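Here are my notes on the structure, set out as numbered points. Please read them beside the sequence and the coordinates.

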Amino acid sequence: MAQVPQRFFDALAVRTWCGLSLRALGRAREEIDAINVYPVADGDTGTNLYLTVESAVAAVEAVFAAHAVDAVDAGEPDAGGGPSLADAVGAMAHGALIGARGNSGTILAQLLRGMAQVLTAGGEPAHTDGPGLRLALRHAAESARQAVAHPVEGTVLTVASAAADAADDAAEGPADEAAGGAEGDCAAVARAAYEGARAALAATPGQLPVLERAGVVDAGGRGLVTVLAALVETFTGRAPGPEPVAVPHARAAHGDEAAGECATEEGDESGPAFEVIYLLEAEDAAVARLRQRLDALGDSLVVVGGDGLWNVHVHVDDAGAAVEAGVEAGRPYRIRITHFGHGDAHTAGTGRPPRERTQRAVVAVVPGEGLAGLYTEAGATTVLARPGEPPASGELVQAVRRAHAREVVLLPNDAELRHTAAAAAEQARTEGIRVALIPTRSAVQGIAALAVHEPERRFDEDVVAMTSAAGATRHAEVAVAERQSWTTAGICQAGDVLGLVDGDVAVIGADVTEVAATVLDRMLAAGGELVTLVLGDEAPESVTAHLEARVREAYLAVDTVVYRGGRQGALLLIGVE
């Protein structure tokens, strides 16, 4: 589909660029995954970049949606304009930061953050021109290089620097208008950055022996060239020519030498056993100490972010020590630990047999660390969903792959994730995995389904039993209203305690315990045998004890079980089976 060219780099151009980048990475994902050979051949650079940009796109779209809602509330739904450039690039950078996957995705997030720092420095301009875009690209390349503990040439960092150098030249010298831009305008700067990056990408095999042996260009750099090509299309309406194509003809011969996507530092086949990634809330001084601690523990260290929120990536042998270092620095969450073990690309060429797939697995989205631990203990592969940060379909597909099973039962545990989960299931099916999606709308329904899961049963029978158990579980939650709103129970004010039953507001009150008791009474009025309570971090400790006592006194033969959900968004989740 032809794109309407953007003359300046404004909020609409940011939105267009993000969308085009996502589509381009979607098309190039498999090719980029296939050439992923440095320093750990895990074959997921294209997927990681796609997921990172997908998160950025979601954040930018949310800003545009919020602006449209504000316009309606103000009685001006047809008013022109939109979010500011600062709002759009800030959302892009934040979305990429919280959604960054892998080393290349983490570096891309810092590149976008570096651009945002320049474009938001002068207040809230409506747009920037070619010189402004040039400065943004230069700061992006420098900040990304600073985020990497031990930069190595021939990687995405080299490609980013070359793009910035070429953009500098474009802003200072004449441009070819036929190539898409007048002297120094955004189109000319974008085109020059793309061409500079493309040339640098083609030269990467000569800078890294592992790439030359494998016969490929750097995978992370290839992804960045794809993103810059989308920037050219944003300003010209035309996608530039294809990026350098390399066939990994040497991978079979050098599988134990060629190693994966982390475009940072020299690796070897006896590298660390684990990849550890987490988001971290911490002060700058604590992060500086964390960098030193993690650098001593392992390699491929990249720490990006700022203003109290960071994304940490490192390869280590002691994953626990890497997480503990994060705890000492601040509050780590969204912790992901991947073992470079049997059955994945890290064992290519080692002579070890691939890990056998299990017959069946359960993949579940969970809203808090406590529930993640509970589900994991029950044998499920979990995807952690933070409040306001639902997982993308690509993240669910990765979890299905990580489960490494022939048959997978997928539990979204959220009504709003139904379509996302369906898309993930469809993608996994194209990869030969048999996937059944059970439309669970709450984590308590997922608990009920998991309780009757029996891998020894026939797949269809197991899915029917799990679906039946989830469907027989009514779900509720107690939460705090963020703003004034109309509800099915009347008007609520910001700060009111809300009791939602099966997704609809049923009770509005001022006291958490009183609202929870009223909700539970309404649910048990229709009968029940088991009450499940999942307590969030911000709920008062006394609420579950009060509810347990109420069930014992008022409802005979009804059992109660209590779990701690951690930072799950809702104060309390309630299930009645």
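1. Glu461 is partly exposed in this predicted model, with a relative accessible area of 40%, and its salt-bridge partner is Arg458. The closest N and O atoms of Glu461 and Arg458 are 3.3 Å apart. Arg458 is exposed, since its relative accessible area of 54% lies over the 50% that sets the limit for that class. Salt bridges that share partners also join a set of residues into one network, made up of Arg360, Glu407, Arg434, Arg457, Asp460 and Asp462.

2. A search of the whole structure gives a count of 25 salt bridges, and the pair of Arg222 and Glu31 is worth a separate look, with a distance of 3.2 Å from N to O. Arg222 belongs to helix H9 (residues 219–236), whereas Glu31 belongs to helix H1 (residues 11–34), so that this pair links distant parts of the chain, 191 residues apart. How accessible is Arg222, buried or exposed? Arg222 has a relative accessibility of 5% and therefore counts as buried, because the class takes in values under 20%. Its partner Glu31 is partly exposed, at a relative accessible area of 30%.

3. The salt bridge of Glu426 with Arg429 has its closest N and O atoms 3.3 Å apart. Both Glu426 and Arg429 lie in helix H14 (residues 418–430), where a separation of three residues corresponds to about one turn of the helix. Glu426 counts as partly exposed at 47% relative accessibility, and Arg429 is likewise partly exposed, with a relative accessible area of 37%.

4. Helix H14 also packs against helix H13 (residues 393–403), the two axes coming within 8 Å and crossing at roughly 45°. H13 and H14 are therefore oblique to each other, because an angle of roughly 45° falls neither under 35 degrees nor between 65 and 115. The crossing of H13 and H14 is right-handed. On the H13 side the contact is made by Ser393, Leu396, Val397, Val400 and Arg401, while H14 contributes Thr420, Ala421, Ala423, Ala424, Gln427 and Ala428. Sorted by class, the residues in the contact of H13 with H14 are seven nonpolar, three polar and one charged.

5. For the second helix pair, the axes of helix H3 (residues 85–99) and helix H4 (residues 102–119) come within 8 Å and cross at roughly 160°. That angle makes H3 roughly antiparallel to H4, because the class applies to angles over 145 degrees. The crossing of H3 and H4 is left-handed. From H3 the contact takes in Leu85, Val89, Met92, Ala93, Ala96 and Leu97, and from H4 it takes in Ala109, Leu112, Arg113, Ala116 and Leu119. By class, ten of the residues in the contact of H3 with H4 are nonpolar, none is polar and one is charged.

6. Two backbone angles deserve a check by eye. Most residues other than glycine have a negative phi. In Ser300, however, phi is near 50°, a positive value in a residue other than glycine. Ser300 is found in strand E4 (residues 298–306) and counts as buried at 1% relative accessibility. Asp502 has a positive phi as well, near 50°, and is again a residue other than glycine. Where does Asp502 lie? Asp502 sits in the loop between strand E14 (497–501) and strand E15 (504–509), and at 27% relative accessibility it counts as partly exposed.

7. A last point concerns Val480, which lies in strand E11 (residues 474–480) and counts as partly exposed at 43% relative accessibility. Which residues does Val480 contact, leaving aside its neighbours within four places in sequence? With those neighbours set aside, Val480 is in contact with Gly495, Asp496 and Leu571. Val480 and Ile508 are 28 residues apart in sequence, and their C-alpha atoms are 9.6 Å apart in space.

Terms used:
Residues are numbered from 1 along each chain as its sequence is written. This is a predicted model: local features need pLDDT of at least 70, side-chain atom pairs count only at pLDDT 80 or more; totals for chains, interfaces and linings use all residues. Side-chain values use heavy atoms; hydrogens and water are left out. A salt bridge is a side-chain nitrogen of Lys or Arg within 4 Å of a carboxyl oxygen of Asp or Glu. Helices (H or I, at least four residues) and strands (E, at least two) are DSSP runs, numbered from the N terminus. Buried means under 20% relative accessible area, exposed over 50%, partly exposed in between (1.4 Å probe, protein chains only). Axes are lines fitted to C-alpha atoms, for helices over the stretch in contact, and angles run from 0 to 180 degrees between N-to-C directions. A crossing is left-handed if the near helix is turned anticlockwise from the far one by less than a right angle, and right-handed if clockwise. Contact means heavy atoms within 4.5 Å. Ala, Val, Leu, Ile, Met, Phe, Trp, Tyr, Cys and Pro count as nonpolar, Asp, Glu, Lys and Arg as charged, and the others, Gly among them, as polar.
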